Structures are given as structure tokens and as C-alpha cells.
Amino acid sequence: MLNPQEFEIKQWEAEVLIASFLKLTRSGTITWECLEYSPPMLIETDDLFISHELVAKTEYEGIPYLAEVSDTMDVKTGKGHIDLSVTIGDEPESREEALDRYITFFPEKQTVEFVNLLFLMLEDDITNSPAWSAARYSAQRFSPGVATAPLSTLGRNLFEQRQALAFHQICTDEVVRNSLLEEQASAACGPRPQCCCFSGHRPEKLSATESEVRTWLEEKIENAVRDGFTTFISGMSRGVDLWAGVVVLNLKTEGLPIRLVCASPFPGFESGWAKRWKTMYHDLLATADIVVYISPSYSRSCFQKRNRWMVDRSSRLIAVYNGISGGTRNTIDYARKQGCEVIL
């Protein structure tokens, strides 16, 4: 094991080398050849994660450099980890010489920048940058890490299908991805006659108090349970959606055989909210049976897509409506056209 002084020297060497790699690569002074590449794959161990790896080689002033990269993301948390090591010079003659020529980079900002640059440079050869971005999104959309039900609930067949189709195909083939999304939605929500969703104005547009709305929602949800509804879908907006989600989970805690599906418009939807609403939103995500993100990022149509996604999977809509035109009115109109019962 390195003593503190040796460790400090190694760390300094790594910082100097990564800074040189960044400068020389960006300027085009050195170019990299991809020797090996493993495309994004979904891997199930104790945890679920996606990973892609590459080995690349370059030469500068007659000295070869071999870079080995492993880029991994934990599906449940969305946090990534990069391992980068560089071997300097030709094949070493001994283990001691190999260790002396081997440098492991610490995951500082420059290391991340260099790894991203390396993948981007090699994109024409291995088409990995778009695949990796899509893999991160697809893994969270199609995995139990975000769809929080256990594998046994969603069906292990979905995981096996992903592997059989080759995960990078799912990442790059929109038709395959949409097909699996629909399959996941069906497995998550169950039969349409047993699903109920919610819609309502934001709290500042409501004349009723939070307590009054919650009491009304509890009555309507209990009626729905008596009518045979077992799955309830919340659109996760402030106000009615979040209150309805809380009521569903409270009734579930009391022993009712019901499930909550959180259909959030996009990841980070809650980022600009006040602390109270953020806490409620995150608590629902953590305790819901299923979480689905309808869009990968914000767009002008993401809320309409979210609303239609819920209605298309439900036979009853419980809405708190104050007569003002807007998203709730449009959702009610769409629900009626789709033959979905509306409770006001």
C-alpha cells in the first residue's frame, strides 16, 4: 500500500496526466483508437445498474498510452460512477513495472470531462454517446428502479425480454422502446375498468380549502373502491393530484387493497416548488407502487401527454373543477370522449 507521500505523488501525476490528455485531445494533437467497446447493458446483481466500457489507445512523442474506462449508473438513484485507468508505455516486463506505469484517475471534474470527450470522439466508430444517453433514460423508464414495484409484480419476463433484445437496441430503437413502454404501462396499471385517475386545478385557483378538498376526495375514492376500483393514478401536480395521492396511501395503510401509480410529466417536475410541496411529492414517489415518467424532459406538450396517458388507462376520472378553462377542463372533455366516467 502507498504511504501518504507516495499517494500524494500518484495523485499529482494523475492530475497532470488528465490535464494533458484534455488539452492534447481537444487540440487534435493526439487522436484515440478504440480497441474494445461494450455498449450500454442493463445488469442485475444485488442492485440494478447500466454500464458501458471502452478501451482506447493513443501515442504521444513515441510513448503509447492505453486508457480503460468503465462508466456505470445506478438505476435506482440515477447516480453515476466512472473508473478510468491509464497504462503508460509498452507491455511491462514485470508486475512491479506494470504497477509503476499504471495510474488510476480519481473521479474529479477533469476526469469526467475527459471520459465524456473520449466517448464523443469515438462516436463515429461505436455510436455510443446517443446510446448511453438513451440508455440512462430507458433504464429508468423500464426498470423496477423507478417503477418501484418489485420485479415479481411487473413480471421478470420484462427484464428477460430486455436482455434478449439487447439493451442497446431498446436505447436506440424508438419503436421497440414505445412498445415496451406500453407493455410496462399495462403491467403497472392493470385492467382499465379497475383504474381511476385524478385531475384538478392548482391550489391557488381553488375556492375550497385543502381540508375540504381532501375530505371530498376521500369520499369519492372510498366510493370508487366499493365500485371495484383497485388502481389510482395521480398526475403529481401541486394541489388535487398530490392530495389525492396522499388520501390513496392513507386508505391503503388502513388496509384497503388498492395501489397508487404516480404519473409524473418529466423528471425534475418539482424542482421549482416550495419545500412543502417538494416533500409531499418525494414522499409519494418513495411510497407509491409504480412511478412512471411520461416524458424524458420538459416540453410544451408534456402535461397534455400526461393527462391523456392517465385517461387512456382509466375508466373513471375524479376531478376538482372550478369552471375555469385550462388543463383540467381539457382533460374532462377528453375523458368524456374516451368513454371515461367523470366525477365532479
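Here are three short exercises on a predicted model, each with a worked solution.

**Exercise 1.** Find which residues touch the most other members of the largest nonpolar core, and which elements build that core.

*Solution.* Start with the residues: the largest nonpolar core has 38 of them, and Leu217, Ile221 and Phe232 touch the most other members. Next, look for elements that give two or more residues to this core: they are strands S6 (195–200), S8 (259–264), S9 (290–293) and S10 (316–320), together with helices H10 (210–226), H11 (240–253) and H12 (275–287). The most comes from H11, which gives nine residues. Finally, note that another core lies apart from this one; it has 24 residues, including Ala14, Phe21, Leu22 and Phe105. As background, nonpolar side chains in soluble globular proteins tend to be buried together.

**Exercise 2.** List what Ile221 touches, leaving out residues up to four places away in sequence.

*Solution.* Select Ile221 and display its surroundings. With those sequence neighbours set aside, the contacts of Ile221 are Phe198, Phe232, Ala244, Val247, Val248, Leu251 and Ile318.

**Exercise 3.** Glu61 and Met236 each have a positive phi without being glycine. Work out where each one lies, and whether each is buried or exposed.

*Solution.* Take Glu61 to begin with: its phi is near 50 degrees, and it sits in the loop between strand S2 (48–60) and strand S3 (63–74). Exposed means over 50% relative accessible area; Glu61 has 68% relative accessibility, so it counts as exposed. Now turn to Met236, whose phi is about 70 degrees. Met236 belongs to the loop between strand S7 (231–234) and H11. Buried means under 20%; the relative accessible area of Met236 is 0%, so Met236 is buried.

Conventions: Residues are numbered from 1 along each chain as its sequence is written. This is a predicted model: local features need pLDDT of at least 70, side-chain atom pairs count only at pLDDT 80 or more; totals for chains, interfaces and linings use all residues. Side-chain values use heavy atoms; hydrogens and water are left out. A nonpolar core is a set of buried Ala, Val, Leu, Ile, Met, Phe, Trp, Tyr and Cys residues joined through side-chain atoms within 4.5 Å. Buried means under 20% relative accessible area, exposed over 50%, partly exposed in between (1.4 Å probe, protein chains only). Helices (H or I, at least four residues) and strands (E, at least two) are DSSP runs, numbered from the N terminus. Contact means heavy atoms within 4.5 Å.
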